Amino acid sequence: MFRKDIAAACAATLMLCAPLTHADPLSATQYGDFDRYVLALSWQTGFCQSMQDRNRNEPDECRLQKDEADKTNYLTVHGLWPGLPKSIAARGVDDRRWMRYGCATRPVPNMPEVRASRKCSAAETGLSLEMANKLNNVMPGSGGTSCLERYEYAKHGVCFGFDPDAYFGTMVRLNGEIKQSPLGKFLADNYGKTVSRNAFDSAVAKSYGKESVKAFKLTCNGNPAYLTELQIAIKASAINAPLTAGSLLSQPHPGNCGQQFVIDKAGH
């Protein structure tokens, strides 16, 4: 997070300080007995197309979407979701209820629920200006009239006591790592093309090892199907380290994308 003491020291000595490029370690101060996070990344052009196809109100970030020279920029952050803590499961909560309500789950954590249709009613996150600017570059729905970051923190972050800069900074870092991986190159190289799930899985294997293929759940929409989201299961114990073959965990379902799907392009 942005450190005011460092900034003040630099100003006082007239030194030039390099910007902080890493996220502070992410740590839960309560309910920390969970084994995984799910990193949800949108393929933004597909997400925007799905909004049109389902006759949803088009958010500003879709209405104003522009063509990007670097196609990996369409791989954007949706959220980072802690798995069901054992201490909450012990109160009779199952995975389905946990994913539906998150921090608002009863009997615990039983925090105020924020509905997806009213994201801006959630409290401000307390992000530093520096981190908010970084997040805006990779989460098109943050700030503005969409307030995605408020909703994500209220549902998946606040009850764990996560420092907001560490929480969102971790998302920014992981998104950047995946963009720079062979998987990110695969998505960019196949922009606007139809790909096979086998080819996608091969790119995952090249990036993180063959056993990591099962850590990826893909969501598609439409007919022919086009990619809208990747959900990646990451070991809780590995969240603060660079992604490697040993970082990921298998998921019970590969998603609904089938054997072939389109890496959608802007305006289609």
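This is a short walk through a predicted protein model, from its confidence scores to one helix and then to its two largest pockets.

Let us begin with how far the coordinates can be trusted. The protein chain has an average pLDDT of 91, and 91% of the residues score at least 70. The exception to keep in mind is the stretch of residues 1-21, where pLDDT stays under 50 and the model has 14 contacts beyond four places in sequence. Where pLDDT is low, the predicted coordinates should not be read in detail.

With that settled, turn to helix α2, which spans residues 44-53 and holds T45. The helix is mostly covered, with seven of its 10 residues buried. These are Q44, T45, G46, C48, Q49, S50 and M51. Among the elements that cover them are the strands β1 (36-43), β2 (75-82), β4 (216-221) and β5 (226-235), together with α3 (60-63). After α2 comes N55, and its phi is positive, near 55 degrees.

T45 itself deserves a closer look. Its relative accessibility is 2%, and the cut-off for buried is under 20%, so T45 counts as buried. Which residues does T45 touch, leaving aside those up to four places away in sequence? They are Q65, Y74, D264, K265 and A266. With D264 there is a specific link: the T45 side chain reaches the backbone oxygen of D264 at 2.6 Å. T45 also has a partner close by in sequence, since its side chain and that of W43 are joined by a polar contact of 2.9 Å.

Now for the open space in the model. The largest pocket has a volume of about 1,500 Å³. Its lining is made up of 46 residues, and H78, W81, E152, E229 and Q231 lie nearest its centre. Helix α2 appears here again: it is one of the elements that give two or more residues to this lining, along with β1, α3, β2, α5 (95-101), α7 (148-156), β4 and β5. Strand β2 supplies the largest share, five residues. In chemical terms, the lining has 16 nonpolar, 17 polar and 13 charged residues.

The second largest pocket holds about 340 Å³ of space. Of the 16 residues that line it, E61, E68, N136, N137 and P140 lie nearest the centre. Here the largest share, three residues, comes from helix α6 (residues 129-138). By class, this lining has five nonpolar, seven polar and four charged residues.

Note on methods:
Residues numbered from 1 in each chain as written. Predicted model: local features only at pLDDT ≥ 70, side-chain atom pairs only at ≥ 80, totals over all residues. Heavy atoms only, no water. Helix = DSSP H or I, 4+ residues; strand = E, 2+ residues; numbered from the N terminus. Buried < 20%, exposed > 50% of the residue type's maximum accessible area, 1.4 Å probe, protein only. Polar contact = N/O pair within 3.5 Å; in protein donor to acceptor, adjacent residues only side chain to side chain. Contact = heavy atoms within 4.5 Å. pLDDT = per-residue confidence, 0-100. 1 Å grid on protein atoms, 1.4 Å probe; cavity = no way out; pocket = protein on both sides within 12 Å on 5 of 7 lines; lining within 4 Å. Points joined across faces, edges and corners; volume = space filled by probe spheres on them. Nonpolar A, V, L, I, M, F, W, Y, C, P; charged D, E, K, R; others polar.
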